[in-house]
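Notebook open, coffee poured. I wanted to go through the strands, the core and the empty space in this one.

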Amino acid sequence: PSALVPPPADIVYVAVLNHGIERSDEWACLRQLPGQGGLSSAALNSGFLQLSLPGATLKWERHSEFSRYTLVLPASGGPGPGLAWLRTIPGRTVAAIRLTLQVGDIAPPDAAMEAARAHFEQPPLIASLMGQGHSLVVTNFHLGDDGFERLHVVVPAGTTATRAGRISARLLELETYRLMALRGLPVAKALAPVLGEAERALADIMAQLEGKLERDETLLDTLVRLAARVERATAEHMFRFAATRAYAAIVGQRIDELREQRVPGAQTIGEFMRRRLSPAIATVEATARRLASLSERIERAGALLRTRVDIAAESHSRQLLERLNRGQSLQLKLQSTVEGLSIAAISYYVVSLILYAGKAAKQAGWPLEPEIVAGSSIPAVVLAVAWLSRRIHRRLVH
């Protein structure tokens with residue numbers, strides 16, 4: 001809920017980055033406030049805390065990337081109690097704002113604008129009537145010598161503390177989210193030369209790939225190193241780019257909630273925000289798209305290169321298979337030749353055995369001519385040996 005701010009009042013607002021800052025650090029800082037020595041650490045678990053201080057109230061909120069401290073003081077015109085404590089807040093300051101809430105007549109805004117000039121070191125250029133004319137806000141978005149921005153809000157008499165709290169909360173959130181959105185701009189600027197170098201390297205790889213000026217394995221190794229560098233940049237910075245888009249969307253939503261009406265001779269807050277923030281957001285968006293596009297192009301180049309490597313490997317494998325086929329064909333021919341010679345050799349030994357058997361039978365008194373018997377058995381022996389060889393071959397194959 002918005003803090004209750006009974007006008008007139010002074011609001012001191014500080015937003016700090018909480019990266020590396022534990023809740024225990026913030027709890028120790030809050031306990032330094034007057035009368036908060038007994039504050040328990042469990043009170044910070046919800047991420048929201050409102051404390052009553054002597055003559056002031058403090059609202060603490062912890063978000064995903066930053067923590068906010070809103071100190072509401074009576075309109076005394078002085079520094080007020082507790083301001084020295086702000087220097088002890090842990091974290092890097094991202095927004096520091098002094099908002100002055102006064103009661104006055106805003107029906108003719110010229111008089112209120114003239115009175116508001118006394119609150120600024122430089123002439124205010126931005127002003128607008130908010131809602132249906134329920135308040136007037138004047139600012140210049142410049143840092144003062146004390147490091148604070150100035151916001152001057154004038155509300156008519158009878159404005160409730162609830163409405164005044166909502167008005168101040170919208171303005172403070174608007175400026176905080178604008179500054180958080182701008183955190184992506186330095187990252188985008190720093191990444192631009194890296195992306196340019198990577199794009200040139202990719203173009204050089206594609207030129208070598210087209211002209212076959214380098215071995216495919218060497219190009220693939222270079223492309224893998226480039227892809228690793230781009231993916232590292234994506235992993236490091238895409239969260240910041242996504243956060244910038246989210247914060248910019250919140251800024252647009254808060255501007256719409258102001259429902260501004262123009263003050264003659266002054267630029268509205270919405271116009272200032274859009275004119276100053278839109279180029280930065282466009283730069284961040286363009287860098288994010290450029291990074292994503294580069295990653296996709298590297299992936300396509302890798303696919304092309306891998307396809308060419310695969311085709312070359314398949315061609316090499318086909319050549320090896322053709323050589324193996326030729327070797328197997330030659331081996332089959334040699335095997336057929338050897339089998340033919342084996343048949344002849346076996347037939348020769350079988351016929352020789354028949355010849356010796358015929359000679360032995362002749363010596364035994366049989367009426368035989370060994371040479372005739374051996375010669376006449378040659379065809380039958382050759383056919384029998386060939387048939388037996390093929391049968392053994394078929395059995396081995398099957």
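My entries on strands, core and cavities follow.

**Ground rules.** I'm working on a predicted model, where local features need pLDDT of at least 70 and side-chain atom pairs count only at pLDDT 80 or more, while totals for chains, interfaces and linings use all residues. Residues are numbered from 1 along each chain as its sequence is written, and side-chain values use heavy atoms, with hydrogens and water left out.

**Entry 1, strand β6.** I took helices and strands as DSSP runs numbered from the N terminus (H or I, at least four residues, for helices; E, at least two, for strands). For burial I used relative accessible area: buried is under 20%, exposed over 50%, partly exposed in between, with a 1.4 Å probe and protein chains only. How many residues of β6 are buried? In β6 (residues 126-130), 5 of 5 are. In a regular strand the side chains alternate between the two faces of the sheet, so I looked at each side. Ile-126, Ser-128 and Met-130 are buried on one face of β6, and Ala-127 and Leu-129 are buried on the other.

**Entry 2, who pairs with whom.** Two strands count as paired if DSSP finds at least two bridges between them. I found β6 running antiparallel to β7 (residues 135-139), joined by 5 bridges, with Met-130 partnered by Ser-135. That hairpin has 4 residues between its strands, and Gly-131 takes a positive phi near 65° there. β6 also pairs with β9 (residues 261-262), antiparallel over 2 bridges; Leu-129 stands opposite Gln-261.

**Entry 3, strand β8.** I get 6 of 7 residues buried in β8 (residues 149-155). β5 (residues 92-103) pairs with β8 in the parallel sense over 7 bridges, whereas β7 pairs with β8 in the antiparallel sense over 4. Val-153 turned up in both checks: Leu-101 is its bridge partner from β5, and Val-137 stands opposite Val-153 as well.

**Entry 4, the core.** I defined a nonpolar core as a set of buried Ala, Val, Leu, Ile, Met, Phe, Trp, Tyr and Cys residues joined through side-chain atoms within 4.5 Å. The largest has 40 residues, and Leu-99, Val-153, Leu-171 and Ile-269 have the most contacts inside it. α3 gives the most to this core, with 9 residues. Contact here means heavy atoms within 4.5 Å. Leaving aside neighbours within four places in sequence, I listed Leu-171 touching Leu-99, Met-130, Val-137, Leu-151, Val-153, Leu-258 and Ile-269. Apart from this core lies another of 23 residues, including Leu-33 and Tyr-69.

**Entry 5, cavities.** I ran a 1 Å grid over the protein atoms alone; a cavity is a set of points where a 1.4 Å probe fits but cannot get out, and lining residues have an atom within 4 Å of a point. Points join across faces, edges and corners, and volume is the space filled by probe spheres set on them. The count is 3 cavities of 30 Å³ or more, the largest about 50 Å³. Which residues line the largest cavity? They are Phe-141, Leu-151, Leu-171, Leu-174, Glu-175, Ile-269 and Met-273. α3 (161-181) and α6 (269-363) each supply at least two of them, and α3 gives the most, with 3.

**Entry 6, Arg-178.** Arg-178 sits in α3. Buried or exposed? Arg-178 counts as buried because its relative accessible area is 9%. Beyond four places in sequence, Arg-178 is in contact with Phe-141, Glu-149, Val-251, Phe-272, Met-273 and Leu-277.

Notes:
On a 1 Å grid over the protein atoms alone, a cavity is a set of points where a 1.4 Å probe fits but cannot get out, and a pocket is an open set with protein on both sides within 12 Å along at least five of seven lines; lining residues have an atom within 4 Å of a point.
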